[in-house]
Amino acid sequence: MTSLSESRRRFDGCVALVTGGTSGIGAAAAARFAAEGARVLITGRNDARGAEIASSHDNVHFHHVDVTDRAAIDALVTMIGATFGRLDVVVNSAGVVNARPFASMSTHHWHEMIDTNLTGAFHVSQSALPLLRSTVADGKAPSTSIVNLSSLNGLRVDPGMSAYGSAKAALLALTEGTAIELIESGVRVNCVSPGAIDTPMSSSTAGDKKNAEAFTSAIPAGRYGTADEVAAVILFLASQEAPFIVGANLVIDGGATLPSRHPDLLNMFNMKP
Amino acid sequence: MTSFSGLTVIVTGAAGAMGEQEARMFAERGANVVLTDVRTDEGTDIADDIGKSAVFVPHDVSSESGWNTVIETALSAFGSVNVLVNNAAISKAIKLIDTDVDTFDLFYRINQLGVYLGMKSVVEPMKAAGGGSIINISSVAGLRGASTLFAYSASKWAVRGMTQSAALELARFKIRVNAVFPGVIDTPMNAPNPPGMNDVLVKTTPLRRMGESHEVAEAVLFLASPGASFATGAELAVDGGMSI
């Protein structure tokens with residue numbers, strides 16, 4: 001089979017903003033955008049990691065921005081407009097996840113999940129919109145693109161994930177609502193919903209080894225995905241290879257959202273993964 | 001550019017606009033392609049035009065013995081089967097109350113039975129190859145109801161369901177099964193639609209245009225590529241926002 005790293009330059013001359021670009025899927029996407037010719041701005045709250053990622057790739061620049069801080073986002077977008085005069089891609093990958101039982105969930109936890117995972121995407125998309133639109137209107141790109149990162153938990157919610165899942169399900173609704181409103185100005189909005197991906201964020205919820213094995217056995221593909229496998233999908237949707245794809249949600253989960261795979265059932269039919 | 005060098009791709013309905021485009025783009029990116037269709041003259045011409053990396057097999061997708069011939073041809077010509085695109089389908093605007101049993105059965109045989117037979121046929125050769133990728137072409141009418149495409153819509157929902165079940169069953173063999181849901185694509189398949197219908201379909205597409213065959217083909221090629229290595233059972237609408 002061919003290698004996952006492809007020597008293409010689909011984003012030559014483009015500018016991409018990746019929120020939550022300091023780790024996991026966001027960092028992998030930033031690296032791929034840069035490798036394919038884009039100038040990339042990553043945001044995050046961890047200065048050390050941001051500096052490390054920016055220094056290990058040409059054309060990746062880190063800005064300390066919390067996506068819940070609208071003024072900081074607006075300032076960043078203004079800077080992008082002044083510096084580059086265009087914005088081709090926004091990837092809303094900033095996210096936080098913590099498991100909490102619903103019965104004892106604090107209001108603080110609820111807001112933490114909704115504010116970063118959902119409201120952050122609202123802020124960034126709305127703030128960036130004029131620049132995304134003018135990039136098309138000025139003839140710099142045939143279309144520009146927003147890619148939202150939802151989650152398997154936006155489709156089928158695991159125990160403990162009612163707040164996180166609520167935010168991620170709402171992000172799907174935000175994707176559809178914005179997709180249908182923004183396409184007339186040439187801004188395509190799509191969504192990627194990753195399942196279990198091997199990132200710092202997923203290992204924080206998978207917990208101990210036994211728990212991780214249980215997670216893996218629930219994935220038909222029999223393994224966790226990699227951040228780079230999700231990044232490849234983000235780049236496809238953002239590229240000019242996907243001009244007719246609008247409001248789509250692409251689930252990248254090794255089949256984990258598919259129903260009815262209780263291990264006992266699979267054993268009955270000699271179908272162990 | 002993603003390279004499919006050394007891989008063998010079967011595309012059904014390859015004499016139609018979308019199938020032809022898929023076969024040509026896979027070939028351009030290095031794959032060997034097996035084109036199948038009931039339209040022998042057109043299919044042969046396309047395969048001849050692609051060149052040595054293409055063979056055409058006259059093939060009715062609803063025939064189980066026909067599938068045996070396709071697989072045998074692929075293996076003897078190119079030595080493996082790595083990707084199957086179940087693209088062949090028929091479409092006609094008919095309401096439920098005007099659909100007779102023979103018509104419904106014809107949609108079932110080509111659009112549903114054909115996809116099932118295709119998936120079943122490639123399992124062993126894909127296992128032998130250490131894995132593979134199946135892309136089933138459904139439709140927006142397989143995601144939503146369709147007021148004037150009753151039998152077609154039923155068959156395309158079946159494709160969606162078969163994709164999910166097959167993805168679960170075949171994941172352990174490293175065979176990925178995904179589906180693409182095209183919206184209104186500018187192909188001759190839309191030509192027989194009643195006057196004005198295509199204009200209405202464009203009006204109900206947020207992007208306000210028909211899609212092009214190559215735009216669907218890019219999605220198919222992506223799902224077949226290493227970039228989609230963790231995608232199975234996934235559903236990708238290529239519809240200009242029509243299914244929102």
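**Figure 1. A salt-bridge network in chain A.** A:R8, A:R10, A:E36 and A:E241 are linked in a network of salt bridges. Here, a salt bridge is a side-chain nitrogen of Lys or Arg within 4 Å of a carboxyl oxygen of Asp or Glu. Counting over all chains, the structure holds 17 salt bridges. Bear in mind that this is a predicted model, where local features need pLDDT of at least 70 and side-chain atom pairs count only at pLDDT 80 or more, while totals for chains, interfaces and linings use all residues. For finding your way around, residues are numbered from 1 along each chain as its sequence is written, chains are lettered from A and ligands numbered from 1 in the order in which they are written, and side-chain values use heavy atoms, with hydrogens and water left out.

**Figure 2. The salt bridge of A:D12 and A:R9.** Zoom in on chain A and you'll find the side chains of A:R9 and A:D12 meeting in a salt bridge, at 2.9 Å from N to O. A:D12 has 44% relative accessibility, so it counts as partly exposed. That label covers everything between buried (under 20% relative accessible area) and exposed (over 50%), using a 1.4 Å probe and protein chains only.

**Figure 3. A salt bridge from helix α1 to helix α2 in chain B.** The partners in this view are B:R24 and B:D49, whose side chains meet at 2.8 Å, N to O. B:R24 belongs to helix α1 (residues 17-28) of chain B and B:D49 to helix α2, so this pair ties together parts that are 25 residues apart in sequence. Helices (H or I, at least four residues) and strands (E, at least two) are DSSP runs, numbered from the N terminus. B:D49 is exposed, with a relative accessible area of 53%, whereas B:R24 is partly exposed at 23%.

**Figure 4. The salt bridge of B:D37 and B:R39.** Here the side chains of B:D37 and B:R39 come together in a salt bridge (2.9 Å, N to O). B:D37 has 4% relative accessibility, so it counts as buried. Its partner B:R39 is partly exposed, with a relative accessible area of 39%.

**Figure 5. A patch of negative charge on chain B.** B:D41, B:E42, B:D45 and B:D48 gather on the surface in a patch of negative charge. One of them, B:E42, sits in helix α2 (residues 40-50) of chain B and is partly exposed, with a relative accessible area of 42%. Patches are made of residues with over 30% relative accessible area and no salt bridge, joined within 9 Å for like charges and within 5 Å for nonpolar side chains (Val, Leu, Ile, Met, Phe, Trp, Tyr). Asp and Glu count as negative, and Lys and Arg as positive; His and the chain ends are not counted. Each charge is placed at NZ of Lys, CZ of Arg, CG of Asp or CD of Glu.

**Figure 6. A nonpolar surface patch on chain B.** B:L96, B:I97, B:F104 and B:F150 make a nonpolar patch of about 400 Å² on the surface. Areas like this come from the Shrake-Rupley method with a 1.4 Å probe, and for residues only the protein chains shown count as cover. B:F150 lies in helix α5 of chain B, and with 34% relative accessibility it counts as partly exposed.

**Figure 7. Strand β6 of chain A and its neighbour β5.** How many residues of strand β6 (residues 187-194) of chain A are buried? Eight of its eight residues are. A:V187, A:V189, A:C191 and A:S193 point one way from β6(A), while A:R188, A:N190, A:V192 and A:P194 point the other way. Strand β5 (residues 144-149) of chain A runs parallel to β6(A) and is joined to it by six bridges; at least two DSSP bridges are needed for strands to pair. Look for A:T144, which stands opposite A:V187 in β6(A).

**Figure 8. Two residues with a positive phi.** Most residues other than glycine have a negative phi. At A:N59, phi is near 70 degrees, which is positive. A:N59 is found in the loop between α2 (47-56) and β3 (60-64) of chain A and is partly exposed, with a relative accessible area of 38%. B:R208 isn't a glycine either, but has a positive phi of about 60 degrees. You'll find B:R208 in the loop between α6 (197-203) and α7 (213-224) of chain B, and it is exposed, with a relative accessible area of 54%.

**Figure 9. Buried helix residues in both chains.** In chain A, A:V230 has its place in helix α8 (residues 227-238) and counts as buried at 0% relative accessibility. Its C-alpha is separated by 12 Å from that of A:S150, 80 residues apart along the chain. In chain B, B:A167 is found in helix α5 (residues 150-170) and counts as buried at 0% relative accessibility. B:A167 and B:A224 are 57 residues apart in sequence and 14 Å apart in space, C-alpha to C-alpha.
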